[in-house]
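Biologist: I am new to this structure and would like a close look at a single part of it. Could you take one helix and describe it with care, before placing it in its surroundings?

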Amino acid sequence: MKITQQATDTSLTLNLDGELDASSSVILDTELSKSEVLDYQKILIDCQRLNYISSAGLGVFISHLQRLQDANVKLIFYNMQEKVHNVFEILGLDSLMTIVPTQAEAVAI
Amino acid sequence: MSLRQKLQAVILPLTILSWLVLLYCTLLTASPELATQLGRPAPWLTLVSQALFAAGVFLYQRNRPDPLRGTDFTGLLRRLLLGPGILASVCVGLHLLERFIQAEAPTNDRVFFAVIYTINLALFIVFLASTNYTWRSLVLFRAPTHLRREWLWFELLLGGTLLFRLLNWAPTGLLAYPVMGGLALFGIYLSGNQKWVAYLNRRQKWEVVLLQAGLLLCMGVFVVYFLRIEHDPKLVAPAPQHAFLMLTVFFAAFYSLVGLLVTFFNLPTAGVFEQKREEILSLQRLTQLIQKGQTEKEIYSTLFDSAVQTVGADAAWLTLDTPTDGYSGKYFNIEQEQSAAIHSLLTDYNLGHIEYLNNDLDNSSGFRSLKLPFSSMIVMPLRSTKRRYGSLYMLKDQRHGFDRENLGILQTFTSQTVLSIENLQLLQASIENERVQEELKIASAVQDSLIPKTLPTDNWFEISSFALAAKEVGGDFYDFLHLPGRRLAILVGDVSGKGVTAAFHVAQMKGIFHALMQENPLARNDREKFPVPSRFMSQANTALIHCLEKSSFITASLYIIDYEHGGFVFARAGHCHTLYYHSIKEEVSYFRTAGLGLGIIRNDSYEKHIKNQFYDYNPGDVMVVYTDGIVEARGENKEEYGEERLQRVLERTYYLEAEEIKQHILSDLAEFSYGQPVHDDQTLLVIKFKAVQPDPHS
C-alpha cells in the first residue's frame, strides 16, 4: 500500500494505491490521526488504485468517522472500484459515508 | 585396621620413646657419676635411637594430611613459619638460659648442657621435617606423575643416608662426595619446581618473600647454634646424623631460597598476571550474570564496571543507541557535556561507530581544542552481525595509556556482552511467544466450544454447516435457538479482526443472542414475545457500544424461521447477502437488503439503518448463508471467488439435499482457490425447506 497526499487550503486528498489490509491500515490510521487533518473542510479519498479493503481497513475509516463528523470535516470517497464499493455497500457504509463516482463531484461537494 | 594404619599408630609413641632413650644415653654420657651407677650405654644405642627419632619425626610428618588448602600458599607458609619459628625461639631461649646460668654460676656440669642440646636437636629435626613436607606440598602442586615418582626416590635416598652412620658405612673421603653431591643436586633439581608462585597476586608475593626470609632466618638460627656447639668442649653427645641432616637442611634452605628468589623476580610481572586474572574473573562474572537471567541494564552495568576496572581507566562512559527500560548509559568521572563534545568530534571525523585507539589526543587539533584533561582514549562499539547496540569509551590521563591488549580485552568484553544481551532477548522472545501460543490455544478452545456441535433437526427443513478458522482463532460465528411456537432463530456473523480479542467478541455476541432471545413476560401479544431481527440488531448494537474498540465492528444476520406459518423474517447487519433459491420461480437470487454493521454507529440512530425482510417460503426453497471468507477467497490470480460464482453453483445444485449442496459449493471453492492460503475464516450454512412439508396442525 502506498499513500500519497495533496493538500489545498480547504481540502486534503489521500491517494490510496494497493491493498488496504491489516498491516497497511496502520499507515492510513497514522495519517488520519494527525491533528492537522481536522483543519480541513474536506478529506478526499481517491480510491482509483485501491484494489482491496479488509475489515481492518474499513475499521480505520469507521473509527475516524465520528471524530471527523464532530469536527465538521467531510469525508468523501471517489473513483471507487466496483468490488471495493460492494464491500462498503454490504457493510452498509454507503449510507453513512459520502461515496461519489468522480473527482469533480467530490470537489464540488 | 590394616597393617599400614597400625604402623602409623605406633610411629608417634615410638618416636617419643626413641627421644627419651636418646636423652637417657646423652645424660649417661655426660655424667660419669650416673654412668658408674647405671653403666655406660652402648654407642650403637645412641645412634639407633637418634636415627629412629629422625625417621619417626619424618614419617609422622609424611603421613599427616596435605597442609595445603586450595591455593592458600601464604597461609601455608605463615603456619610453617609460626610453628617452627616458635621452635627456633625456644632453641635460642634455651641456649641463652644455659649461657646465663653459666655466667652466673660457672660450673663444669655437662648434664644441663646435654639436656638442652638434646632438646634443641629434637626441635631442629621437627622443624626440618615440617619444612620438608611443606615443600613437598609445594613441589607436588599440580605436578605430573613422574615428579611424584622422583620425589619418592628423593625421600628413599634421604632415608638411606640415615643408615650411613648406623651401619658404620660412613662413606669416607672419595665415596662421600659423589653420593652427597648427587643427592644435593637432586635437591637442587627438585627446588626448580616453583609452579605455585604463578598463582600469587602482587600482595601475596610480597608476603611470601617476607615469609621465606623468615624461614631462612629460623634455619639460620639452628645452624648457627649447632655450628657453635660443635666446637664446645663440653659437648659429649655423639654428633648427629650428619649426612641426613645436612642434606635435609640443604634442601630445605635451598628450596626456600629459590622460592624467595623466584617470587622476588616475579614481583615486577605480578601486575600482568593480576591483570590477566582480573580479566578472566570479569569475564566469568559477565558470563554468570547471563545464566542468572539478569536484566539488560545489569549486564551493561557489569560490562562497564568490569571494563573500567580491568583497563584501569581514569574516566569512561557508555551510551546505548536505543535505551532499554529507561537505561541509556553510564558515566564515570566525566561530565555529560564533555562526553557529548567528544562524541560530536568523533562523528565529525567519521570515527563514531568503529573501534578506535588514540594514545595521544593532544596531537590532534580537534581534541586539543576541547581542552580535555585526558590524553588517551579507546572507543569500542557494541555490535553484533545484526545490529549495533552502542559504544563504550575509555579515557586515561597519561599519554600512551592504552595498549593493544586493552583493545583485545574490551573486544572480548563487548562481544560477550552483546552475546548476553542477544541471548536475553531471545529468551524473552521465546517466553513471549510461548505465552501467545498458550493464549491462542485457550482462545481456540473457547471458540470451539461456542460453535454448536449439533444442528437442529426437524421434519420441515435440513441444515448442513461448515466452519473453518484461518488461523488459531477466527471471528466467524453461528448459533441456533429453538423458540416456542415452532420457530427457529439462526444467527450468523463475523467479528472484524482475529485472535483472542475476536474470540472474546464472539462470546459476547453469543451471550447477547441468548439474552435477547428470551421470552418477554410483559409482552401484550405473541408478536412482541421475542424481538424481531431489526429490534434485536439495534439492541445488540447498543450493548456492543461500550465494549467494542473504535475500529472494530461486527457483521451479523439473524433469521427467525416460523414453519407454522411457512415464512421467515431476517435482518442483515452489514453481513453478506443471503443467497436464495425460489422454487416457485425456479430462480436463484440474493436478498439485497440494506443494513449497517454493528458497532459502527454508536448512538440511537442505528435503528434507522436496519430493516426487516419478510418472506414466505415454499417447499424446496434453499437458503445459503455464509461469511465473507467464502466470497472473498482468493484464486490463483488474486481474484475473488465472488457472489456470482456462488450463485452459479446453487443454480446447478438446488435440487440436491442440503448436505450435497454444501459439498458442491465447498469443492467448487476448493477448486477455485487451489494452492492458495486461507486468509479468512470460512463459514457456510445451507438450509433446505423440505419439498414435502408436514401438516402444521398435525
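Modeller: What follows is a description of the helix α1 of chain B, and then of some of its surroundings. The model is a predicted one, and in it helix α1 of chain B runs over residues 3–30. Because a helix advances 1.5 Å a residue, its 28 residues should span 40 Å, and the end C-alpha atoms, 39 Å apart, agree with that. The helix nevertheless has a kink of about 35° at B:I11, shortly before the proline B:P13. Further along α1(B), the residues B:T15, B:S18, B:W19, B:L22, B:C25, B:T26, B:L28 and B:A30 are buried, and the partners against which the buried residues of this helix pack are α2 (32–38), α3 (43–63) and α5 (110–139) of chain B.

The unreviewed UniProt entry annotates residues 7–30 of chain B as a "transmembrane region", and gives the same annotation to other stretches, including 42–60, 110–130 and 243–267. Over residues 110–130 of chain B, the chain is 100% helix and 0% strand, with end C-alpha atoms 30 Å apart. Another of the annotated stretches, residues 243–267 of chain B, is 96% helix and 0% strand, and there the end C-alpha atoms lie 36 Å apart.

Technical notes
Residues numbered from 1 in each chain as written. Chains lettered and ligands numbered in written order. Predicted model: local features only at pLDDT ≥ 70, side-chain atom pairs only at ≥ 80, totals over all residues. UniProt positions renumbered as here; feature names shortened; annotations may be inferred. Helix = DSSP H or I, 4+ residues; strand = E, 2+ residues; numbered from the N terminus. Expected span 1.5 Å × (residues − 1). Bend = angle between axes of the 7 residues up to and from the residue. Buried ≥ 20, exposed ≤ 12 C-beta atoms within 10 Å, placed from the backbone. Contact = placed C-beta atoms within 7 Å.
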